[in-house]
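Visitor: I have a set of labels to check against this model. Can you take me through the reasoning behind them?

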Amino acid sequence: MDRYPTVADVAESARRLVSRYPGTGRLRRIGTSRAGRPLLMLSVGHGPRHVLVVARPHPDEPVGGATALALAERVAHGRGRSPATDPTVVTWDIVLCLDPDGAALSDGIEEATAGPEPTLESYYGAAFRPVAAEQPEWAPIVPRHLPESQALFGVIDELRPFLQCSLHSVEAGGSWVQLTHGLPQLAAPFQTSAGTLGIPVQHGTYDALYWDNPSPGIHVLPPPDSTARLAAGSENIGLSTWCAPMRYGGVTAIVEVPMWATDLADDLSPHPAAAEALRDLSRLVRDGGRQVTAVLDRARPFLPPASENALRRVLEWMADDLYDLVADSWEPLARQAAEASGAGDARPLTTAQVCSLDVVARRQPLRAAGLLLRLLRAADDPAAPALHRELSELFTLWSGDFEKALRLRWVPVRHQVEHQARTVVAAADSALRALGW
């Protein structure tokens, strides 16, 4: 496998699998998206217990569709048999794409990342991620009732899965897992898989800066009353689809794999100048955001209104306060870094921790610039070409700087898929053992 499958490819492969394994596989529609697209779920096996797998919850993270197919084939074919992949013990229910509307706005991402050495510039030029209120897993905490979210809640209430696995990927960095409660036996197979495939384990991640971290790359959601340990805007995380299986004693694993890897992600050496680095990164995200917003300000009169255009909604959301929100969220770490450089007892920040923030600082302006460039290309106003040229120069510069600063290397799609699939199966085996199976 050398490239990501499209949503249509995944659906067609699922139909073929059902034809090949008529007594084992079933495909059904569990709901309809906001734009009327089908939400499809492939079920494999007939066991009394259920693992629920959610692919493509973020449309700019295409690996999940390929992993979903790999898992379905593994269970249907009986390859790598373990208690979790025994179809008489466990039924695997796989939502093939949770956000097909968003995926339609990222429909160039598979082509953009095809080939042996894709670039960040090509990726960000095709990627789309909706505003938080339009992300099906996240919208319920806003609260916003999306049909995609409601379909997933309905499946969770119907199946009562002992494990839900949400398939995510990150543009750059290493691999990590977030859990809604601990699975102690997951750590070893997760780390072994990453090491075997040459994928670094992310030590410290911006997604779970203050979560419990019982082993490298494994993060466990803190108790609901520990709101100070949650990222800004996620104080109501208990309302998300991630936490819904907890009603039935289930656990959710969010499995992240990198598209581009950096060895800085698992460098545990103390960063030599962490406080200064954090100041630089805060400035980087703010300055980049301001530059994109300056172009947006001049383009607003001729761009489609936000109420009618999802790309424009993201740009306005980011321009509102997202860049400052990201930079401000790092202030406690900056204080920790300053104290560690003095005579205090604070632990110094590692190179890996700073690396995880570096990824965020660089990707926020790039995401916005990629979306605005798409809108400018489609605009027929005479001012659009000049604004496109101006922003395109920044976009190319930022993409190249990102790749060089973190010394990024492309992770072959087959390695991304294999690591994610192995981690999901290991999580299922761990969760089964915790249940006494």
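Guide: Start with two tryptophans. In this predicted model, Trp260 and Trp410 are both buried.

Visitor: What makes Trp260 and Trp410 an aromatic pair, and what makes the pair edge-to-face?

Guide: Take the distance, then the angle. The ring centres of Trp260 and Trp410 lie 4.8 Å apart, and the cut-off for a pair is 6.5 Å. The planes meet at 65°, and over 60 counts as edge-to-face. Both labels follow. The structure holds six aromatic pairs.

Visitor: Why is the pair of Trp260 and Trp410 said to tie parts together?

Guide: Trp260 sits in strand S9 (residues 251-261) and Trp410 in strand S10 (residues 409-410), so the pair joins parts that are 150 residues apart in sequence.

Visitor: Which residues do ring pairs link into a cluster?

Guide: The cluster consists of Tyr4, Tyr123, Tyr124, Trp260 and Trp410.

Visitor: How do you know whether Gln202 is buried or exposed?

Guide: Compare its value with the cut-off. Gln202 has a relative accessible area of 2%. Buried means under 20%. Gln202 is therefore buried. It lies in the loop between helix H7 (187-197) and strand S7 (212-215).

Visitor: What makes the approach of the Gln202 side chain to Gly174 a polar contact?

Guide: The side chain of Gln202 reaches the backbone nitrogen of Gly174 at 3.1 Å. The limit is within 3.5 Å. A polar atom of the Gln202 side chain also lies 3.5 Å from the backbone oxygen of Ala352. Setting aside neighbours within four places in sequence, the contacts of Gln202 include Trp176, His219 and Ser356.

Visitor: What is notable about phi in Arg56 and in Arg407?

Guide: Most residues other than glycine have a negative phi. Arg56 has a phi near 55°, a positive value. For Arg407, phi is near 50°, also a positive value.

Visitor: How do you know whether Arg56 is buried or exposed?

Guide: Arg56 has a relative accessible area of 3%, and buried means under 20%. So Arg56 is buried. Its place is the loop between strand S3 (49-54) and helix H2 (63-77).

Visitor: Why does Arg407 count as buried or exposed?

Guide: Relative accessibility is 56% for Arg407, and exposed means over 50%. Arg407 therefore counts as exposed. It lies in the loop between helix H12 (384-405) and S10.

Visitor: Where else does Arg56 appear?

Guide: Arg56 is one of the residues lining the largest cavity, along with Pro5, Val7, Val10, Pro62, Gly65, Leu96 and Cys97. That cavity holds about 30 Å³ of space. The structure has one cavity of 30 Å³ or more. Its lining divides into six nonpolar residues, one polar and one charged.

Visitor: What lines the second largest pocket?

Guide: The second largest pocket has a volume of about 460 Å³. Of its 21 lining residues, Gly204, Leu209, Asn213, Arg347 and Gln353 are the closest to its centre. Helix H10 (331-340) and helix H11 (351-378) are the elements that give two or more residues to the lining. By type, the lining has nine nonpolar residues, eleven polar and one charged.

Visitor: What makes the peptide bond from Val142 to Pro143 stand out?

Guide: Most peptide bonds are trans. The bond from Val142 to Pro143 is cis, with omega near -5°. Pro143 is in the loop between helix H5 (120-124) and helix H6 (147-159).

Visitor: Why is Ala133 called partly exposed?

Guide: Ala133 has a relative accessible area of 22%. Buried needs under 20% and exposed over 50%. The value falls in between, so Ala133 is partly exposed. Ala133 also lies in the loop between H5 and H6. Its C-alpha atom is 7.7 Å from that of Pro143, ten residues apart along the chain. Not counting residues up to four places away in sequence, Ala133 touches Ala139, Val142, Arg144 and Leu146.

Visitor: How do you know whether Thr85 is buried or exposed?

Guide: Thr85 has a relative accessible area of 1%, and the cut-off for buried is under 20%. Thr85 is therefore buried. It lies in the loop between H2 and strand S4 (90-95). A polar atom of its side chain is 2.9 Å from the backbone nitrogen of Ser82.

Note on methods
Residues are numbered from 1 along each chain as its sequence is written. This is a predicted model: local features need pLDDT of at least 70, side-chain atom pairs count only at pLDDT 80 or more; totals for chains, interfaces and linings use all residues. Side-chain values use heavy atoms; hydrogens and water are left out. Helices (H or I, at least four residues) and strands (E, at least two) are DSSP runs, numbered from the N terminus. Buried means under 20% relative accessible area, exposed over 50%, partly exposed in between (1.4 Å probe, protein chains only). A polar contact is a pair of N or O atoms within 3.5 Å; within protein, one must be able to donate a hydrogen and the other to accept it, and residues adjacent in sequence count only if both atoms are side-chain atoms. Contact means heavy atoms within 4.5 Å. Rings of Phe, Tyr and Trp (its six-membered ring) pair if their centres lie within 6.5 Å; planes under 30 degrees apart count as stacked, over 60 as edge-to-face and the rest as tilted. On a 1 Å grid over the protein atoms alone, a cavity is a set of points where a 1.4 Å probe fits but cannot get out, and a pocket is an open set with protein on both sides within 12 Å along at least five of seven lines; lining residues have an atom within 4 Å of a point. Grid points are joined across faces, edges and corners, and a volume is the space filled by probe spheres set on the points. Ala, Val, Leu, Ile, Met, Phe, Trp, Tyr, Cys and Pro count as nonpolar, Asp, Glu, Lys and Arg as charged, and the others, Gly among them, as polar.
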